[in-house]
Structure formats: C-alpha cells, structure tokens
Amino acid sequence: MSMQIPRGTQDILPGEIEIWQYIEQKSKEICSRYNYKEIRTPIFEHTEVFARGVGETTDIVQKEMYTFTDRGERSLTLRPEGTAGVVRSFVGNKLYGEASQPTKLFYTGPMFRYERPQAGRMRQFVQFGVEALGSADPAIDAEVLALVMSIYYELGLTDIKLVLNSLGDKESREAHRDALINHFKPSIGEFCSDCQNRLEKNPLRILDCKKDREHPLMQTAPSIHDYYTEESAAYFKEVKQHLDQMNLPYVVDPTLVRGLDYYNHTAFEVMAEGEGFGAITTLCGGGRYNGLVQEFSGPETPGIGFAFSIERLIMALKAQGKVPDFGNQLDCFLVTLGDEAKAKSVELLYQLRQAGIRCDKDYLDKKMKAQFKAADRLNVRYTAILGDNELNENRINVKNMETGEQVEVALDTFITYMKEQVEGGK
C-alpha cells in the first residue's frame, strides 16, 4: 500500500494555509462589494456537462479529464473547471427566472486535470471564479475585469497586466474560421496531430497550440480583428471605453485565444510580469460566452466570467514579496503549576474561548519553564500564569509578552480583563 501523496496533489499545512484563507476572504469581500453571491456546485458532474460546456475539441476534454464510471454505469467526471457546472446549475435551478438580473455568482473550490505537474500547475488545484449571466451590456464586461483586477491590486500585486482581445460574434468567427482553414490547410501536414484534427472542427484552437507556436504560419495567420462585424467592433470599442473611464490599464493582443470553445466577444488574461515567476505567466483567464446557456437547453442568455488558480496567485505574491505577516495567532496561553491549577485551567480556557479570545494551554504535563517556551514559540500576546497558591488566593498573573509588563488580576475578573486587553489591542 502506497502512503505517498498522489502526484500532482499537495498537503496545505498550518503556516501555509493562512495565505489561502487570506486570499479567499479578500476575494469574497470584494465580490460582495460588486454584489456577487456565492454558489457551490458538485465536485463531479455527468461527463456530458463538460464535453458540451467546455468543448469536445479542447485539450481539457480530450486529454485531461478524470472520468470514471459509477456503479450505475453512468459516466462521471471530476470537474476540470467551474463555468460549465455553474451554467448547468443556472439552467437546472431556473435562476434565469429570478426577478433580479443579471445573475452574478462567484465560487471557489478544487478542480482536477490530468496534466504534467509543475510549479503552479497541479492535478488537483483550487480556482476562484466569477460568472455574470443575463446581460449583453459591455459595461458588465468592464465590471468583471475591474473586479478581478481589484482582487489582485488589493492583495498587493503590482507587476501584472490585463491583456484583452475580442473573438467577435458568430458571424465574425465564421468568417475568421474560413480564413484560418484556407491559411493552414495547404501545410497542415507540418503541424501536430492535434492541430490536424482541429483544422475542420475548430481551427481557432490551432492558434493556442503550444507545440507549433513557432511555426511560421502562426505568425502570419489571419487576425480576427480583420473579420469583425460592425456590431463586434462597436462592442469591443465600448468595453475599452469603460476601462478607460475607470483608468484601468490594459493591453490589446490580437493573438490571444482562450483554450475553451465557449468564448466569444471579450476574452482576457491577467499576466505576471515580475522576475522570478517562471515561464508560465498567466494568472487568470476568462471571457464572454454567449450561447453556452443554450447548450444546456436554457433560454438565450449571455454570460461572462473568469477563474484564477489560487496556487498561481500565491506564487505571484511570494515572487513580489507581498505575502503579509499574519502576526500573533493566539491571544493568550495559560501556564499552570499544580494539579488544582491545571484542573482550573480547563474551565478558564473554555470561558476565554466563549468570550471570543484565541487561547490554548499545555496538554503534555510540561514543567513551567517548558510551558513558557511553548508560549514563546506560539508568539502569543499574553501569558496567564496560575499556580495552586494563586488559585487559593483567587488571583492570576497576566504578562504582556510584547512589553514584558506583568499584572496581578482577581481571578473572578480575569475573563473580563482579558477581553478588554485583547479588544483594546486590536
């Protein structure tokens, strides 16, 4: 029996989990400001949800999904991304019928893709994502972009850039598709097998190929910008105007192609530019997906969203020296001497915790000196010392570990005193 952790997974231990909690809390708080509500969907779905939602020609569906057959002979898949499940829930629960529209949602949780593990890319990873369903207004595209950049900026990242493109509407994409086929078809034999399979099914995906990115035809491929309808061009222009109004900097990249089939109109990535981050610089990706709700037998409903990997965000924070000092994790540590004091500490500890004070005590029968060392290691704000003599005299000594000041407190006022000290020092 192997007791090793599966390849591509990780244990997130105390000392590291605090940065995860900090990111999740900050992201949720910003989503609340923008009036986005949390949604939680199953970790596994029927395989068809991702085949239809993500796209059968994508690497995710063709190569990376964790798919299994359950005891009822149903094909199920661990979710490789969040949007398809959210849209399935949106349709299944008829959220499109609610009075308040658009439906603005956020989610966080583990995703699963069978990839070659590397820094910032795991087989089980955690994404934070946002979906806005029900509006075709370019202003909501700008809102979604502002939301994700607010998360990064408020977490302290500076060396990042927002990269934009528009994939156009259906008519634009069809004209561009025909141009791509004509461009690549004479030399498609020089490309990898994946690109050859994509030529007729979805030639836009060829532009996203990592194996053939240096092929000369990639550099001269027709640009979607040359095939925009008047409506598509106007839509993209308005998105950029809204970003300009907010003084939100961005770069337009005509070659940007997101790896999922459902994108149209606005597509974007947030990229890290700082030193020491590695070769893969994409922190976040997203875009508009008008038509995806219909794929799930729902009414015609436009949508836009993004998702980012928390692992990659942590890498960027560490690379830029933006991981905060989380300071004291405990307010008080109880040090006891004597059996009666030790027994009393259980009651005091409970009362402190009921008062909202983070505290702990020794459970290993350590000597008093070792208990003080334990308090030092925990970097507590206060140490409370109780011996049998002090207990008999209804008093306890409280030491401020930062100033070294020690005071004697009546035992029956100890909880109130500690609450005042802790709340006053916040």
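A surface patch, as the term is used here, is built from residues with over 30% relative accessible area and no salt bridge, nonpolar side chains being joined within 5 Å. In this predicted model, I43, F44 and F68 form such a nonpolar patch on the surface, and together they have about 260 Å² of accessible area. F68 belongs to strand 3, which covers residues 66-69, and its relative accessibility of 36% makes it partly exposed; because membership of a patch asks for over 30%, F68 meets that condition at 36%.

**Domains**

The domain assignment of the protein gives domain 1 as 16-169 + 229-320 and domain 2 as 332-418. Taken over C-alpha atoms, the centres of domain 1 and domain 2 are separated by 48 Å.

**Aromatic rings and charges over rings**

The structure holds 9 aromatic pairs. In the pair of F106 and F128 the ring centres are 5.6 Å apart and the planes stand at 15 degrees, so the pair is stacked. Since F106 lies in strand 5 (residues 103-112) and F128 in strand 6 (residues 124-133), this pair ties together parts that are 22 residues apart in sequence. F106 is buried, with a relative accessible area of 6%, and F128 also counts as buried, at 0% relative accessibility. Both rings belong to a cluster in which ring pairs link F106, F128, Y152, F306 and F308.

Charged side chains also meet aromatic rings in this model: the charged end of R123 sits over the ring of Y114, 4.0 Å from its centre, while K361 lies over the face of Y363, at 4.5 Å from the ring centre.

**Salt bridges**

A search of the whole structure finds 22 salt bridges, and the table lists three of them with their N to O distances.

| Salt bridge | N to O distance |
|---|---|
| R88 and E45 | 2.8 Å |
| E200 and K185 | 3.9 Å |
| D365 and K342 | 2.4 Å |

R88 forms its salt bridge with E45, and the pair links distant parts of the chain, R88 being in helix 4 (residues 83-92) and E45 in strand 2, 43 residues apart. R88 is partly exposed, with a relative accessible area of 25%, whereas E45 is buried, with a relative accessible area of 6%.

The side chains of E200 and K185 meet in a salt bridge; E200 lies in helix 7 (residues 193-201) and K185 in the loop between helix 6 (170-184) and helix 7, so the pair ties together parts that are 15 residues apart in sequence. E200 counts as partly exposed at 42% relative accessibility, and K185 counts as partly exposed at 48%.

For the salt bridge between D365 and K342, the pair links distant parts of the chain, with D365 in the loop between strand 13 (359-361) and helix 13 (368-378), K342 in helix 12 (residues 339-354), and their positions 23 residues apart in sequence. D365 counts as exposed at 56% relative accessibility, and K342 counts as partly exposed at 35%.

Beyond these pairs, K26, E29, R33 and E154 are linked in a network of salt bridges.

**A contact across the sequence**

R40 is placed in the loop between strand 1 (37-38) and strand 2 (44-46), and it is exposed, with a relative accessible area of 68%. Although R40 and T108 are 68 residues apart in sequence, their C-alpha atoms are 7.8 Å apart in space.

Definitions and conventions. Residues numbered from 1 in each chain as written. Predicted model: local features only at pLDDT ≥ 70, side-chain atom pairs only at ≥ 80, totals over all residues. Heavy atoms only, no water. Patch = residues over 30% accessible without salt bridge, like charges linked within 9 Å, V, L, I, M, F, W, Y side chains within 5 Å. Areas by Shrake-Rupley, 256 points an atom, 1.4 Å probe, with all protein chains shown as cover. Salt bridge = Lys/Arg side-chain N within 4 Å of Asp/Glu carboxyl O. Helix = DSSP H or I, 4+ residues; strand = E, 2+ residues; numbered from the N terminus. Buried < 20%, exposed > 50% of the residue type's maximum accessible area, 1.4 Å probe, protein only. Phe/Tyr/Trp six-rings, centres within 6.5 Å; stacked < 30°, edge-to-face > 60°. Lys NZ or Arg CZ within 6 Å of the ring centre and 35° of its normal. Domains from an automatic or database assignment.
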